[in-house]
Amino acid sequence: DSLLQETTMASLMPSTMIPESKCPPLWANGPDVQGHHSFPNRPALSGPKKLTQSPVTTGSSVLAMKYDGGVIIAADTLGSYGSMARFPDLKRVLKVNDSTVLGVGGDYADFQFLSEIIKQKQIDEDCKDDGFTLKPKALHCWLTRVLYNRRSKFDPLWNVIIVAGMQDNEPYLGFCNLQGTAFTDTVMATGMGVDLCLPVMRNAMEKKGGLLSYAEAKATLLQCVRLAYLRDCRSWPKYHLASIDANGSTIEGPLMIDSDWEFAKGVKGYE
């Protein structure tokens, strides 16, 4: 009787409870209740979907300000791998055309991805040869849409971008970050430069009572680059300096800040 009862119970057990057996498909060439259906016209995933949720190689501050007749922008050349000064010769200032320049902080790989798209946009504009060029205001607006779109997908491009250029013979300076937040202003900074350098640039303009000359703006930015290097452990003494005016855009560098370490000879007790 016990053997007959065990045989009867085994025949009533569902096949899913027996690991050696496999359930039949729910329909022809379809999935069974134990597996996943491979939908047609969809790429097979080799694992969970991966998104960039944190930057790897990053750049620090970008500094920019309008001057009388143009815009000047500076960014150092360091790419930090976490807290390590891993790549000391990166270029974080991109010349788009004669009227537009970008300065980018944040994840360098995302900047490379964006720069390739922007360069192709400029190539397409050149190929059309219709007399129109990519202007800074248009590029700034496009970047806000791209960054906000990626943020809404929870896959942000981890960058903070400053767009500098000449728009209708007037200096233009626009900001956009990885959340898609955007605005325009007369002086701008990213990273630690917001706390360290914006007060210096604003103070210089308040003393002048308006926009600085090119020489004054350049001296102010060099002071800010030096200040960032001395106070921000993710900054570097080498930098690129870009200027955009009615005659076009130029990028100088890499340049080196002038610093005096003679006082170090008097430091004792660390031999």
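In this predicted model, the side chains of aspartate 76 and arginine 92 meet in a salt bridge, with a separation of 3.2 Å from N to O. Aspartate 76 belongs to strand β3, whereas arginine 92 sits in the loop between β5 (84-87) and β6 (93-97), so the pair ties together parts that are 16 residues apart in sequence. Both partners are covered: aspartate 76 is buried because its relative accessible area, 6%, is under the 20% limit, and arginine 92 is buried with a relative accessible area of 2%. Side chains of opposite charge can pair when their charged atoms come close.

A search of the whole structure finds eight salt bridges, and two others can be set beside this one. Aspartate 98 and lysine 95 are joined by a salt bridge of 3.6 Å, N to O, in which lysine 95 is partly exposed, with a relative accessible area of 39%. In the salt bridge of lysine 265 with glutamate 262, the closest N and O atoms are 3.0 Å apart; here lysine 265 counts as exposed at 61% relative accessibility, while glutamate 262, at 48%, counts as partly exposed.

The chain that holds these pairs has six helices and 13 strands, and buried residues make up 39% of its 271 residues. Of the contacts with a separation of 6 or more, 60% come from residues 24 or more positions apart. The accessible surface comes to about 16,300 Å², and carbon and sulfur atoms account for 56% of that area.

In soluble globular proteins, nonpolar side chains tend to be buried together. Here the largest nonpolar core has 23 residues, and those with the most contacts inside it are Leu63, Met65, Ile72, Cys197, Met201 and Leu221. Two or more residues of this core are given by each of β2 (62-67), β3 (70-76), β11, α5 (198-208), α6 (214-231) and β12 (238-245). Apart from it lies another core, of 17 residues, among them Leu90, Val96, Phe111 and Leu139.

The contacts of methionine 65, leaving aside residues up to four places away in sequence, include Ile72, Leu173, Val187, Met201 and Leu221. A second methionine, at position 188, is found in strand β11 (residues 187-189) and counts as buried at 2% relative accessibility. With the same sequence neighbours left out, methionine 188 touches residues including Leu63, Leu173, Gly174, Phe175, Phe183 and Met201. The C-alpha atoms of methionine 188 and arginine 202 are separated by 9.7 Å, the two residues being 14 apart along the chain.

Several of the residues touched by methionine 188 lead to strand β9 (residues 170-176), which is mostly covered, six of its seven residues being buried. Strand β8 (residues 159-167) runs antiparallel to β9 and is joined to it by seven bridges, with valine 163 standing opposite glycine 174 in β9. Two residues lie between the strands in the hairpin of β8 and β9, where aspartate 168 takes a positive phi near 55 degrees. β9 also pairs in the antiparallel sense with strand β10 (residues 182-184), over three bridges, and phenylalanine 175 has phenylalanine 183 in β10 as its bridge partner. The hairpin of β9 and β10 has five residues between the strands, and glycine 180 takes a positive phi near 90 degrees there.

On the surface, Leu230, Trp261, Phe263 and Val267 form a nonpolar patch, with about 450 Å² of accessible area together. Valine 267 is found in the segment after β13 (248-256) and counts as partly exposed at 43% relative accessibility.

Methods. Residues are numbered from 1 along each chain as its sequence is written. This is a predicted model: local features need pLDDT of at least 70, side-chain atom pairs count only at pLDDT 80 or more; totals for chains, interfaces and linings use all residues. Side-chain values use heavy atoms; hydrogens and water are left out. Helices (H or I, at least four residues) and strands (E, at least two) are DSSP runs, numbered from the N terminus. Buried means under 20% relative accessible area, exposed over 50%, partly exposed in between (1.4 Å probe, protein chains only). Contact means heavy atoms within 4.5 Å. Patches are made of residues with over 30% relative accessible area and no salt bridge: like charges are joined within 9 Å, nonpolar side chains (Val, Leu, Ile, Met, Phe, Trp, Tyr) within 5 Å. Accessible areas come from the Shrake-Rupley method with a 1.4 Å probe; for residues, only the protein chains shown count as cover. A salt bridge is a side-chain nitrogen of Lys or Arg within 4 Å of a carboxyl oxygen of Asp or Glu. Two strands pair if DSSP finds at least two bridges between them. A nonpolar core is a set of buried Ala, Val, Leu, Ile, Met, Phe, Trp, Tyr and Cys residues joined through side-chain atoms within 4.5 Å.
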